[in-house]
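Me: I am new to this structure and would love a close look at one part of it. Could you start with a single residue and then lead me outward from there?

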Amino acid sequence: MTRKRISRRELLKLAGTGTVVAAAGGLGQGLLLPRNLWAAPPKIKGPVKIGYQAVLSGTLAGYGEFHKMGAVMAVEEINAKGGIAGQKVEMEFRDSTLKPDDAIKNARYFVDSWGADFLAGIDSSGQALALAPVVQQLDRVLMVTHAATEKLTEEMVFKKGIKQIFRICTPTYQDGNAAAFIAKDFPAVKWATVSPKYEYGFTCWKMFQDTLKKLKPGVPFVAESFAPFGTTDFRSHINTILDAKPDGLYSTEWAGELISMVKQGREAGLFEKVKHVIFPVGAAMDVLEGLGKDMPDNIWIAGRYFFLYPNSKTNGEWVARFRKRWNHYPAYVSETGYSSIYAFKAAVEKAGSKDTKAVIQVLEGMSMNSPAGNRVFRKEDHQAIYDVAWGKTKADPKYPFKIMGEMKVIPTTVCYNRPPFEGPGTAPPF
Amino acid sequence: MQSIVHVCLAGLSSGMFIWLVASGLTLIFGVLGVLNFAHGSFYMLGAYFSYTVLRHLFPNFWLGLLLGPLCVCAVGFVVERFFLRYVYRLALPYQLLLTFAFVLIFDNLVKIVWGAGSLTPPDIGFLAGSVPILGRKFPVYNLFIIGVGPLVAVALWLALERTWAGRIVRAASSDREMASAIGVRVPALYTGVFVFGIWLGALGGGLAVPYVGLLTPGMGETIIIEAFIVAVIGGLGSLKGAFLAALVLGVLSSFGTRYFPAFDMFLTFILMAAVLLVRPQGLFGDAR
């Protein structure tokens, strides 16, 4: 970073203008104009510095790039229009590597050495949970844009009171509970899964089963096969599923592993034998573009956001701008990355300060318009509430990949667990 | 029955990949005495170069498989001639540091050249599709892989045991000073063996393109661990051991995933620990 040195003369000039502006502002506020609506943006000191970390190395490096596209675009737009509360936004982007200790190192660097006011990013649930006590100690707001574990908001924020954490993307309820609402309407009666062999995969499959059992009592779950992180060969897992002869397959495999599984599943005739398939994170752009025509039709997919939903002006224009800037369709992490910067902007401008406590107060219950639609940060657990589309895969001549044909929305009011997260009536169906 | 046969076939085909990578690793260790940590990166480069030939130059699988690994050989030559050569005399940690540095460099180069996202290969033509085996579909390509593995093994054995060049390689491997004393140009031989070992790894990468169906930067890091395990179980430097260990490991982990899913992640490590307890030098390693 090069920092421009300010000469004495410039300083005097600046001070002069500052006084005039301040005086005019004071005059305006006091005499001429209604206070809140027209008041000059409240003054905050120095640039707004955001430390963003996402995975930029290894097999999932593509995700980090997509985070970056969204976040960088937001910073460019905001700075072109005068910044946050009149101050320039600065962002530094670091590789989170998916390892919890690296995430902690990055967060400490951002705050202690670089002077970050806000933190954002984080892909893995393990990282998010490890980081929670650290951001509490560093006392900076962390906006989680990808990690989905419900424990982050339920336990860290709600039970332990780590108020510095917010999540702008959907949690596991979307991938587990909501999928059960999709599945209940299928004629399928026997379900099986191939899912990731870590926390995320286990949690989602359990939520899916619990909710589906309540919605459709007596439904059997006949097989489960969990694939470790980094699996490239799904053939044994596919054999497990074929042996159990289910009619429904639920899988929270994601990114490259989902691509490999679908390709290898096709070769083994999996999608001819199993008619009803749900991929809760199948609507990720890397998966859709990676599979192209190899994605079978009539599979129910969703993501944290899909660029064709909602069908709103805000979203349509954003997707167009994004394509113009990056020559890509936005991935869901691009949307959450982009919106996280705007969430900081809205909160800082409303609070009139970068102070963590003041910003937390504003963010709690704050409602914001974003490409993914209207988002509200739930006051109790800091989880952003917004609706995400489910859809059935279908070919479309306008796109070189499968898109959602028939769409369905399971409202968050129906499928999200509710505070206090314990006891009857806190998990769907309500 | 149907299930057991298919689990077996899946294990055999995945074992063959590990063998292709482990064979180059073993050969290089056996002759040069270098543990080439970057071998997985050459596997990755093999995949990316083959992909590029297949997608952008000639839409022919065989040409991709021929040209891709050859390009990687050129990279391997540079690495041996200008870097690795200078650390032969140094302690093992220096060799590991140098080769690990290449892992990082290649991972990032791949990201710069081909992008950080995953790439999916085009169809490969006549080897695509599946055949029914006992009523369940099995990909033709995997059968092809199951055939290629032993073919490479036999070819390697013939080359080492039955040719003049093979005899020199074996001589240099058992005593480099003596070989050099009787007129073998050891440095040139080392370069040749290294490049050939790299070719084997890169061939594995080229073959993996349609098998995995996906290319990602960092794809070499997963396979290098398995290849190391195989090389250790088989006895470092023993090709026969590596072949057998790769087969056992492939089939065992396939059965583990299907029938003992709770243990599949450490079955291979249990196998390695068990072999090392009974035979610390590995299945076919010499007790030097």
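Reply: Happy to! Two residues are in contact if their C-beta atoms, placed from the backbone, lie within 7 Å. This is a predicted model, in which local features need pLDDT of at least 70 and side-chain atom pairs count only at pLDDT 80 or more, while totals for chains, interfaces and linings use all residues. Residues are numbered from 1 along each chain as its sequence is written, and chains are lettered from A and ligands numbered from 1 in the order in which they are written.

Let us begin at Ile146(B), which sits in helix H5 (residues 140–162) of chain B. Helices (H or I, at least four residues) and strands (E, at least two) are DSSP runs, numbered from the N terminus. Ile146(B) counts as partly exposed because it has 15 C-beta neighbours inside 10 Å; 20 or more would make a residue buried, 12 or fewer exposed, and partly exposed lies in between. Once its neighbours within four places in sequence are left aside, Ile146(B) is in contact with Leu12(B), Ser13(B) and Met16(B). For a sense of scale, Val184(B) is 38 residues away from Ile146(B) in sequence and 37 Å away in space, C-alpha to C-alpha.

Next, look at where the two chains touch. Chain B brings 28 residues to this contact and chain A brings 32 residues. On the side of chain B, at least two residues each come from helix H1 (2–32), helix H4 (92–114), strand E2 (136–139), helix H9 (219–234) and helix H10 (239–259). H1(B) gives the largest share, five residues. That side of chain B is made up of 10 nonpolar, 13 polar and five charged residues. Here Ala, Val, Leu, Ile, Met, Phe, Trp, Tyr, Cys and Pro count as nonpolar, Asp, Glu, Lys and Arg as charged, and the others, Gly among them, as polar.

Crossing into chain A, we can stop at helix H6 (residues 150–159), where Glu150(A), Leu152(A), Thr153(A), Glu154(A), Met156(A) and Val157(A) are buried. Their cover includes helix H5 (125–138), strand E4 (141–144), strand E5 (165–167) and helix H7 (172–175) of chain A. Just after H6(A), Gly161(A) has a positive phi of about 70°.

Our last stop is an open sheet of three strands in chain A, ordered E11-E12-E13 with antiparallel pairing. Two strands pair if DSSP finds at least two bridges between them. Strand E11 (367–370) and strand E13 (384–385) of chain A are the edges, each pairing on one side only.
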